[in-house]
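Trainee: I should like to go through this model and ask, term by term, what justifies each description. May we begin once the structure is on the screen?

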Amino acid sequence: MDRAGHPDRRALLAGGLAIGALTLTGCSATSAAPLGSSPSPEARPTTPAGAFARLMAGNRRWVSGDLRHPDRDPDRREFVAQGQEPYGAILSCIDSRVPPELLFDTGLGDLYVMRTGGEAVGPVVTGSVEYGPMTSGTPLIVVLGHQRCGAIEAAYKSLRDGKPLPGNLQAIVKALRPAYEQTVRQGGSDPVDTMARAQVKLTATDLRSNQDLAPLVAKGTLAVVGAYYSLDTGKVEVLTGAPS
């Protein structure tokens, strides 16, 4: 993952982001009011295993149709208006069929969500993923790819045929090249699906081992999970990094 141009990330987070978290209520990671009295039916998970279990339980409800729609009422809206403390950060695709809050049956204030084409990453995206774990102790990151990803397919064909995509779409292709190269080496009957899964695993590995998140992972206060969503079944399949 490209971290060029960010030599002072720790100083930035210790200074600017800390000030922003105190002064910008719309994006604050802390609140003037205590968050322990949330009207949510369940307390906020504070460990990677607890956060992961909460998400996967929500996905099972999504698959079965037995939805709770938690944290989506006016009380919850008022509760999180002055501060937030999400228990998970999700990096997923822009695909309209893969909204993380729905497929994990969550609500307001539960998740940080970043969405890019094919989960393409760069410094701004990486910083956005890091925000929760590094400022408010969010214990879980999930990189979520999915079945029949249009961005992955377009990038695969562009790289295979040597035909650049127009405009800034080419930046997505560039970001997905490592997954494409791994797919070419691996082979298989469905290269687009192989590439989608490779992109998830590569991105999760990069996040898990980067200089800012790796210490949290080593301490056991953060887990980075790679996962894959089936459009056909609604089920999230864990590919790598599930906390025990």
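Trainee: What makes β4 and β5 a hairpin, and which residue in the turn has a positive phi?

Mentor: β4 and β5 form a hairpin with 6 residues between them, and glycine 234 in the turn has a positive phi of about 85°. The two strands pair in the antiparallel sense over 4 bridges; two strands count as paired if DSSP finds at least two bridges between them, so the pairing criterion is met. Tyrosine 229 of β4 stands opposite valine 236 in β5. Strands here are DSSP runs of E with at least two residues, helices are runs of H or I with at least four, and both are numbered from the N terminus.

Trainee: On what basis are these values given?

Mentor: This is a predicted model, in which local features need pLDDT of at least 70 and side-chain atom pairs count only at pLDDT 80 or more, whereas totals for chains, interfaces and linings use all residues. Residues are numbered from 1 along each chain as its sequence is written, and side-chain values use heavy atoms, with hydrogens and water left out.

Trainee: How do you know that β4 is mostly covered?

Mentor: In β4, 7 of its 7 residues are buried. Buried means under 20% relative accessible area, exposed means over 50%, and partly exposed lies in between, with a 1.4 Å probe and protein chains only. Ala223, Val225, Ala227 and Tyr229 point one way from β4, Val224, Gly226 and Tyr228 point the other way, and all are buried. For the chain of 244 residues, the buried share is 44%.

Trainee: Why is the sheet called open and its pairing mixed?

Mentor: The 5 strands form an open sheet in the order β2-β1-β3-β4-β5, with mixed pairing. β2 (111-115) and β5 are the edge strands, each pairing on one side only. From one strand to the next the twist averages 25°. As for the pairing, β3 (residues 140-146) and β4 run in the parallel sense over 7 bridges, while β4 and β5 are antiparallel. Valine 142 stands opposite valine 225 in β4, and leucine 144 stands opposite alanine 227.

Trainee: Which strands does helix α8 touch, and what angle does its direction make with that of β4?

Mentor: Helix α8 (residues 191-209) packs on the sheet and touches β1, β3, β4 and β5, where contact means heavy atoms within 4.5 Å. Its direction makes about 170° with that of β4. Such angles run from 0 to 180 degrees between N-to-C directions, with axes fitted to C-alpha atoms and, for helices, over the stretch in contact.

Trainee: What makes the second largest cavity a cavity?

Mentor: On a 1 Å grid over the protein atoms alone, a cavity is a set of points where a 1.4 Å probe fits but cannot get out; lining residues have an atom within 4 Å of a point. The structure holds 2 cavities of 30 Å³ or more, and the second largest has about 40 Å³ of space. Grid points are joined across faces, edges and corners, and the volume is the space filled by probe spheres set on the points. Its lining consists of Phe52, Leu55, Met56, Phe104, Val142, Val225, Ala227, Val236 and Val238. α2 (48-64), β4 (223-229) and β5 (236-240) each give two or more residues to that lining, and α2 supplies the largest share, 3 residues.

Trainee: How is the lining of the second largest cavity divided by residue class?

Mentor: The lining has 9 nonpolar, no polar and no charged residues. Ala, Val, Leu, Ile, Met, Phe, Trp, Tyr, Cys and Pro count as nonpolar, Asp, Glu, Lys and Arg as charged, and the others, Gly among them, as polar.

Trainee: Why does serine 92 count as buried?

Mentor: Serine 92 has 0% relative accessibility, and therefore counts as buried. This residue lies in strand β1 and touches residues including Val98, Pro100, Met114 and Leu144.

Trainee: Why is histidine 69 called partly exposed?

Mentor: Its relative accessible area is 44%, so histidine 69 is partly exposed. Histidine 69 is found in the loop between α2 and α3 (74-80) and has a positive phi of about 50° although it is not a glycine. Most residues other than glycine have a negative phi.

Trainee: What is the corresponding case for arginine 148?

Mentor: Arginine 148 has a relative accessible area of 48%, so this residue is partly exposed. Its place is in the loop between β3 and α6 (150-161), and its phi is near 55°, a positive value in a residue other than glycine.

Technical notes
1 Å grid on protein atoms, 1.4 Å probe; cavity = no way out; pocket = protein on both sides within 12 Å on 5 of 7 lines; lining within 4 Å. Lists of a residue's contacts leave out its neighbours within four places in sequence.
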